[in-house]
Amino acid sequence: MRTYFDHAATSPMPPDVLDAYTAELRRAANPSSLHAEGQAARMRIEQAREDIARAVGASTPAEVVLTSGGTEADNLAIKGLWRLRNADVGSAGDASSGEEPSGGEHSSPPRPRILISAIEHPAVSEAADWLTGLGAEVVRIPVDADGRLDLAAYEAALTADPDRTALVSVMAANNEIGTVQPIAEVAALARAHRVPVHTDAVQAFGQLPLDFAAVGVDAMTVTAHKIGGPVGIGALVLGRDLAPEPVLHGGGQERSVRSGTLDVAGAVAFAAAATSATADLPARAGHMAALRDRLIDGITAAVPEAELSGPPGAGRLPNNVHFVFPGCEGDTLIFGFDAAGFATSAGSACSAGVSRPSEVLLACGRDEPTARACQRFTLGPETSEADVDRLLAALPEIVVRARRAGMASGAPA
Ligand SMILES: Cc1ncc(COP(=O)(O)O)c(C=O)c1O
């Protein structure tokens with residue numbers, strides 16, 4: 001018997017979403033085609049857009065720009081919004097020189113700065129770092145020991161130079177340790193200085209009540225496969241007054257911000273998953289938070305030296321449990337759990353496969369051995385008390401073996 005504790009990496013499609021997806025896959029039509037099949041596909045995609053808009057709290061379906069997932073939406077937000085504020089990059093002047101472009105045309109002064117938290121997903125942090133080649137200045141705002149953004153440091157960084165700041169990007173909740181960020185406060189402060197704000201809400205969507213209009217951000221990333229939709233579709237929820245420079249150029253679909261033939265089946269399945277994830281969100285989140293706390297209490301009782309990463313209670317995602325097991329290697333723990341029938345993770349799936357310390361834990365002030373000794377257990381709607389109790393029963397032996405392996409390889413305890 002296998003039990004899946006890796007929903008933050010990807011969450012299985014429930015039967016109704018799978019049915020909606022496969023039914024749509026049987027129909028061939030490009031929603032940009034003018035014939036009846038194309039127009040019917042257009043209607044289905046617009047219905048899906050409307051459902052996704054409702055689920056994310058957008059004020060209009062036009063705010064939903066469909067993408068191939070979270071990575072693309074993050075890239076579009078970071079690169080596109082930065083280029084919007086640094087329009088002359090790549091022409092005669094560039095953001096670092098601050099020169100006017102040749103030809104005498106005036107354009108607004110460059111805003112090279114990007115403010116991001118120190119624990120962003122690589123889809124945000126790597127996109128921002130890539131822009132340094134074009135003159136961007138990336139400012140990383142520190143987090144506390146639980147991974148919560150240092151609001152005073154953020155305010156100081158923002159107010160130090162708001163007129164040279166192109167955008168702020170702070171994730172709604174962390175993918176590794178589940179810390180929920182004070183995103184409404186982040187947005188309010190940036191708005192006061194007329195700086196656009198993006199949030200990566202990939203992990204928060206479907207776990208926390210999320211209302212794009214109420215939170216006050218300008219752009220928000222979501223993806224389908226973390227909430228029981230298919231891999232390969234997501235969205236950048238984008239205020240109507242913003243027109244970031246496209247990352248993908250082509251046929252001008254999606255407000256000319258994201259070209260490419262629309263994925264009707266993906267959008268229909270995404271809409272079905274988003275609707276069911278948000279329809280019963282309080283009940284679902286309450287159920288998962290109770291299981292999360294059962295697992296946290298059980299781990300603490302079974303392995304007293306294990307340390308919870310991130311805050312307890314309401315400050316963390318309802319489906320996230322993340323522990324440091326001193327003296328163990330994260331990958332050794334994964335193999336131990338795997339052999340015992342449990343799918344777990346050492347952190348972010350995107351950097352799994354390469355044994356590295358967790359950048360998130362390092363940013364929280366932990367040392368390298370600690371940042372290598374972690375294990376993440378993420379729950380889903382089908383996780384039961386019996387699943388949690390089975391994992392707890394298997395845990396002590398797995399930890400003892402992982403520690404023995406660590407001692408044999410000379411890893412510090
Ligand atoms: C916080 C966060 N942002 C972005 C992504 C990337 O999303 P996608 O897998 O849809 O490209 C992930 C995936 O793990 C994530 O956890």
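Colleague: How many salt bridges cross the interface of domain 1 and domain 2?

Modeller: Zero, by the rule used here. Keep in mind that this is a predicted model. Polar contacts are another matter: eight residue pairs are in polar contact between domain 1 and domain 2, with both residues at pLDDT 80 or more. As for the classes of residue, the side of domain 1 that touches domain 2 has 12 nonpolar, 11 polar and three charged residues.

Colleague: Where do the two domains begin and end?

Modeller: Domain 1 covers 15-279, and domain 2 covers 280-408. Their C-alpha centres are 29 Å apart. To the contact, domain 1 brings 26 residues and domain 2 brings 25 residues.

Colleague: How is the size of an interface often given?

Modeller: A common choice is the accessible area lost when the parts come together. Here, domain 1 and domain 2 bury about 2,100 Å² between them, and carbon and sulfur atoms give 55% of that area.

Colleague: Which three residues supply more than any other three of the area that domain 1 buries against domain 2?

Modeller: Look for Glu176, Ile177 and Gln207, which supply 37% of that area.

Colleague: Back to salt bridges, please. How many does the rule count?

Modeller: The count comes to 21 salt bridges. One of them is between the side chains of Glu254 and Arg49, at 2.8 Å from N to O. Glu254 sits in the loop between S8 and helix H8 (264-279), while Arg49 belongs to helix H2 (residues 36-56), so this pair ties together parts that are 205 residues apart in sequence.

Colleague: Are these two partners buried or exposed?

Modeller: A residue counts as buried when its relative accessible area is under 20%. Glu254 has 8%, so Glu254 is buried. Arg49 is at 6% and therefore counts as buried too. The pair also takes part in a network of salt bridges that links Arg42, Glu46, Arg49 and Glu254.

Colleague: What does Asp389 form with Arg294?

Modeller: A salt bridge, with the closest N and O atoms 2.9 Å apart. Asp389 is in helix H13 (residues 385-408) and Arg294 is in helix H9 (residues 281-302), so parts 95 residues apart in sequence are tied together. Asp389 is partly exposed at 32% relative accessibility, and Arg294 is partly exposed at 33%.

Colleague: Could you show me one more salt bridge?

Modeller: Try Glu368 and Arg372, where the closest N and O atoms are 3.8 Å apart. Glu368 is partly exposed, with a relative accessible area of 43%, and Arg372 is partly exposed, with 25%.

Colleague: Now for single residues. What does the side chain of Glu72 make a polar contact with?

Modeller: With the side chain of Ser68, at 2.7 Å. You can find Glu72 in helix H3 (residues 70-85). With a relative accessible area of 15%, Glu72 is buried. Leaving aside residues up to four places away in sequence, Glu72 touches Thr67, Leu248 and Arg258.

Colleague: And where is Gly234 found?

Modeller: In strand S8 (residues 234-238). Gly234 is buried, and its relative accessible area is 0%. Not counting residues up to four places away in sequence, Gly234 touches several residues, including Val65, Leu66, Thr67, Ser68 and Gly69, as well as Val222 and Phe270. For a distance to try yourself, take the C-alpha atoms of Gly234 and Leu262: these residues are 28 residues apart along the chain, and the atoms are separated by 12 Å.

Conventions: Residues numbered from 1 in each chain as written. Predicted model: local features only at pLDDT ≥ 70, side-chain atom pairs only at ≥ 80, totals over all residues. Heavy atoms only, no water. Domains from an automatic or database assignment. Contact = heavy atoms within 4.5 Å. Buried area = accessible area lost by both parts, 1.4 Å probe. Salt bridge = Lys/Arg side-chain N within 4 Å of Asp/Glu carboxyl O. Polar contact = N/O pair within 3.5 Å; in protein donor to acceptor, adjacent residues only side chain to side chain. Nonpolar A, V, L, I, M, F, W, Y, C, P; charged D, E, K, R; others polar. Helix = DSSP H or I, 4+ residues; strand = E, 2+ residues; numbered from the N terminus. Buried < 20%, exposed > 50% of the residue type's maximum accessible area, 1.4 Å probe, protein only.
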